[in-house]
Amino acid sequence: MQRGGSSAASPPHPAPAIVAKPPPPPGYECAVHTSAPGKPCSPPSSAVARGRELTLLSHTNRYPQISGKDGRIGVLLVDDIEKLYNLAGPSQNGRRSLIAQKYSSENFERLLFGPGYPLSGGVEVRDCEFVSCLTDSTFSISQGVHMQSVLFDGVRSPDAMMVSSASVLENVVVRGGKEAARLWCKPPSEGDVSEAVLQWAKAGMAHVELAIDLSELAAEDSLILGIPLSKLRWNPEIHVPVFASWRDSPSWDDLDLARNSFWRIFVTKVRNSGCEEGLFTAPFPHQKSHIQFMEELARIESAGLLVR
């Protein structure tokens, strides 16, 4: 009965709203806009899509219409989260790209880029932003990835942001406070990456002026190995460069560094990685090693080994 006492029958429910999105390309995981009969479509939920048994109903207007056991209907589409997830893991089925996407306050199952195989397509990430996001699992940029003009601002993860130096990085900005994921960039272990990918990365990085800007990253225990210091931007109040050649200097043994010295440990890390130089986060004032670090830093600077 309509308000006002009219005995006229109520009009039928309108047809469910269908989001006009084209069907996803082959090989993409699909998310779903769901709707109860007569209700507007809710926002996409890839977790719901993967957790439901979906039935293809029709291809009305070329858009695949689906239904779950719960009676909800909608259309298949590729949302921005699934585009990101499609970059994870190895693939030799052509280039995988993520371009001009912005993610804010997202909670990702994982945040993985690559590995890629540049000779058969590779992985390209360009002009993207990840702001105040969280991942419950791995956060990494693997070998064979070409990443350009990408911002990671305040991204948190259970472990470090792992970056392979067998990638091509250009104008990648990593910033955040002490709660942000620390940054660990290292060369791959011997035999883990093909010589072709290593040469591709070397050639690509040769033309890069700025690889990573971490000048606003205050996460503890970050380190970068395998990328020349000349291609990095850092904060000298937080980050310190270390050189493998220091241990060959006549003044090294005269520094009287403690056995557990930050400097001894990280010079060894640089040498063991096969690199000539590296960048590390200095101990913060609240850490036990801070006082010793500052005392030994003064000796290193007095010996002329480091000029900041």
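This section describes the fold, cores, helices, pockets and cavity of a predicted model.

The protein chain comprises 308 residues, of which 42% count as buried. Its secondary structure amounts to five helices and 20 strands. Among contacts in the protein chain between residues at least 6 apart in sequence, 58% connect residues at least 24 apart.

The largest nonpolar core contains 43 residues, and those that touch the most other members are L84, F113, F130, M147, F152 and I212. At least two residues of this core come from each of helix 2 (80-85), strand 8 (111-113), strand 9 (123-131), strand 11 (139-141), strand 12 (145-153), strand 13 (161-164), strand 14 and strand 15 (183-186). When neighbours within four places in sequence are left aside, the contacts of F152 are F113, F130, F139, I141, M147, M161, V172, V173, V174 and R175. A second core, separate from this one, consists of 22 residues, including L257, F266, C275 and L297.

F152 also takes part in the lining of the largest cavity, together with F139, G154, V155, M161, V174, R175, A180 and A181. This cavity has a volume of about 40 Å³, and the structure holds one cavity of 30 Å³ or more. By class, seven residues of the cavity lining are nonpolar, one is polar and one is charged.

Two helices were examined for the placement of their buried residues. In helix 3 (residues 195-205), the buried positions include V197, A201 and M205. These residues lie on the same side of helix 3 because they cover an arc of only 60° around the axis. Strand 14 (168-175) is among the elements that cover the buried residues of helix 3. On the face turned away from the buried side of helix 3, the exposed residues E195 and K202 are found.

In helix 4, F262, W263, F266, V267 and V270 are buried. Their directions span an arc of only 120° around the axis, and they therefore occupy the same side of helix 4. The packing partners of the buried residues of helix 4 are strand 17, strand 19 (239-243), strand 20 (277-281) and helix 5 (290-302). F266, one of these buried residues, also belongs to the second nonpolar core.

The largest pocket has a volume of about 670 Å³. Its lining is formed by 25 residues, with S165, P187, K202, G226 and I227 nearest the centre. Helix 3 makes the greatest contribution to this lining, with six residues. K202 thus links two parts of the description: this residue is exposed on the face of helix 3 turned away from its buried side, and K202 is also one of the residues nearest the centre of the largest pocket. The lining of the largest pocket divides by class into 11 nonpolar, seven polar and seven charged residues.

The second largest pocket encloses about 390 Å³ of space. It is lined by 20 residues, and M162, K186, P187, P188 and S189 are the closest to its centre. Strand 11, strand 13, strand 15, strand 17 (223-225) and helix 4 (262-272) each give two or more residues to the lining of the second largest pocket. This lining has nine nonpolar, eight polar and three charged residues. P187 appears in the central group of the largest pocket and also in that of the second largest pocket.

Terms used: Residues numbered from 1 in each chain as written. Predicted model: local features only at pLDDT ≥ 70, side-chain atom pairs only at ≥ 80, totals over all residues. Heavy atoms only, no water. Buried < 20%, exposed > 50% of the residue type's maximum accessible area, 1.4 Å probe, protein only. Helix = DSSP H or I, 4+ residues; strand = E, 2+ residues; numbered from the N terminus. Arc of directions from axis to C-beta. Contact = heavy atoms within 4.5 Å. Core = buried A, V, L, I, M, F, W, Y, C linked by side-chain atoms within 4.5 Å. 1 Å grid on protein atoms, 1.4 Å probe; cavity = no way out; pocket = protein on both sides within 12 Å on 5 of 7 lines; lining within 4 Å. Points joined across faces, edges and corners; volume = space filled by probe spheres on them. Nonpolar A, V, L, I, M, F, W, Y, C, P; charged D, E, K, R; others polar.
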